[in-house]
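Notebook open, coffee poured. Today I'm looking up a few backbone oddities and any enclosed empty space.

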Amino acid sequence: MKKIQAIRGMNDLLPGESVYWQYVEATVADILQRYGYQEIRFPILETTELFKRSIGEVTDIVEKEMYTFDDRNGDSVTLRPEGTASCVRACEQHGLLYNQVQRLWYQGPMFRYERPQKGRYRQFHQIGVETFGMLGPDIDAEILLLSARILRELGVSDAVTLQINSLGSSEARAAYRDALVAFLGERKDQLDADSQRRLDSNPLRILDSKDPNTQALLDGAPMLLDHLDDESREHFEQLKAMLDAAGVPYTVNPRLVRGLDYYGKTAFEWVTDKLGAQGTVCAGGRYDTLVEQLGGKPTPAIGFGMGLERLVLLLKELECLPEGLDQPIDLYLVAVGDLQGQALILAEQVREALPHLRLQTHCGGGSFKSQMKKADKSQADVALILGEDEIKNNQVIVKPLRSGEAQQSVARAQLIETLKEL
Ligand code: ATP
Ligand code: MG
């Protein structure tokens with residue numbers, strides 16, 4: 001019979017790999033808590049309308065990347081392609097944005113029907129950060145410092161650079177859009193096919209076309225930064241001054257635009273050249289109009305999303321994962337003869353006394369030799385051995401498996417002390 005496989009672009013995370021994820025997730029969660037950010041959780045499935053109204057009808061995500069289907073009631077639902085829209089929906093629904101500021105984070109799977117390749121999957125994972133009720137630019141600087149710290153504490157600082165831009169107000173963007181379309185419209189035949197299509201639907205996205213001819217053409221094109229409204233320009237200048245003062249290096253990338261409609265003013269990406277084409281490990285920006293767009297009161301907001309697959313790939317590439325993460329246990333308990341019940345009791349006593357020790361008890365019987373083989377394979381540092389003699393003498397054998405030290409018979413009363421010394 002043909003075995004059933006996972007869906008293309010959706011990955012299993014096996015035990016040897018999940019430890020790296022746990023490390024990254026724990027590190028990031030710890031930093032977020034130190035900054036006073038609180039976790040929020042919301043469903044993976046939302047009404048399709050939520051994403052259409054927030055991300056925008058003519059974005060890549062909504063046009064061709066969403067997992068959308070009718071549920072059994074005939075209602076159109078969508079597997080979340082990102083977290084910001086859901087986060088705003090949840091905050092609004094529960095009154096979290098009424099007369100208060102929020103600093104929130106979440107993590108979990110996102111779904112986009114993209115062409116699977118290294119660093120790009122159909123189910124991927126993000127840690128997202130969203131803040132509400134602060135006009136900035138101080139909060140803009142804070143979340144950039146926060147993202148910088150995450151990358152620094154994970155040890156990847158040297159491999160990433162921060163790019164920032166200002167997308168201006170929606171009026172400024174509209175005026176700029178006209179200027180850009182006028183310029184590119186006259187040179188339409190020189191654009192790549194994708195960009196030609198975007199000229200009508202979403203011309204700003206042409207700015208981040210990867211096509212070399214299009215890029216060359218854009219060298220002479222009008223610049224968004226030259227079309228900024230005064231408020232956005234002032235905001236951007238203040239943000240840059242704060243980053244300078246805090247010693248966070250950045251480059252202004254005037255062509256940085258985000259693929260989602262709700263961004264305005266500050267936009268940023270942390271990029272690396274170590275992962276090929278999928279080089280953006282963290283991306284975000286300000287979205288001051290989104291809450292209102294989804295039916296709430298006007299509420300300034302800024303946030304970012306970090307791609308966990310790309311982060312883990314980068315940590316592996318740079319070999320900056322801590323050693324020993326893939327060692328699952330410290331102790332392996334072997335019981336020869338009919339002593340499984342006794343072994344389980346001993347194991348519980350050790351766990352009570354030394355709660356941080358990772359101890360596995362051999363289950364399933366077998367000869368002493370085969371149990372010791374399992375102990376060796378388990379990667380534990382030490383085996384505990386229980387036999388008839390040990391039970392009779394109220395002892396346990398402690399056998400170091402890696403250090404080459406000799407095994408010793410230890411009185412049960414001395415066992416915890418002995419293990420502490422090891
Ligand atoms: P890209 O330009 O790489 O397509 P994006 O602009 O679509 O990214 P965002 O929607 O801003 O990405 O998502 C934030 C982050 O989530 C990205 O920077 C990336 O790290 C990660 N990400 C986005 N799409 C995927 C995917 N299909 N597979 C893995 N990670 C992804
Ligand atoms: Mg994308």
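Started with Asn99: at 71% relative accessibility I log this residue as exposed, because the cut-off for that label is over 50%. This is a predicted model, so I'm treating every value as computed from it. I looked up Asn99 for its backbone: phi is near 55 degrees, which is positive, and the residue isn't a glycine. I find Asn99 in the loop that runs between helix H4 (84-93) and strand S5 (102-111).

Next entry, Gln379. Phi here is near 70 degrees, again a positive value in a residue other than glycine. Gln379 sits in the loop between helix H13 (368-377) and strand S14 (382-386). I put Gln379 down as partly exposed because its relative accessibility is 38%, and that label covers what falls between 20% and 50%.

Then peptide bonds. Which residues does a cis bond join? I noted Gly136 and Pro137, with omega at about 5 degrees. Pro137 belongs to the loop between strand S6 (123-132) and helix H5 (138-153).

Last, the empty space. How many cavities of 30 Å³ or more does a search of the whole structure find? I got one, and wrote its volume down as about 50 Å³. For the lining I listed Tyr176, Leu207, Leu218, Ala221, Pro222, Met223, Leu224, Pro254 and Arg255. Sorting those lining residues gave me eight nonpolar, no polar and one charged. The charged entry is Arg255.

Methods. Residues numbered from 1 in each chain as written. Chains lettered and ligands numbered in written order. Predicted model: local features only at pLDDT ≥ 70, side-chain atom pairs only at ≥ 80, totals over all residues. Heavy atoms only, no water. 1 Å grid on protein atoms, 1.4 Å probe; cavity = no way out; pocket = protein on both sides within 12 Å on 5 of 7 lines; lining within 4 Å. Points joined across faces, edges and corners; volume = space filled by probe spheres on them. Helix = DSSP H or I, 4+ residues; strand = E, 2+ residues; numbered from the N terminus. Buried < 20%, exposed > 50% of the residue type's maximum accessible area, 1.4 Å probe, protein only.
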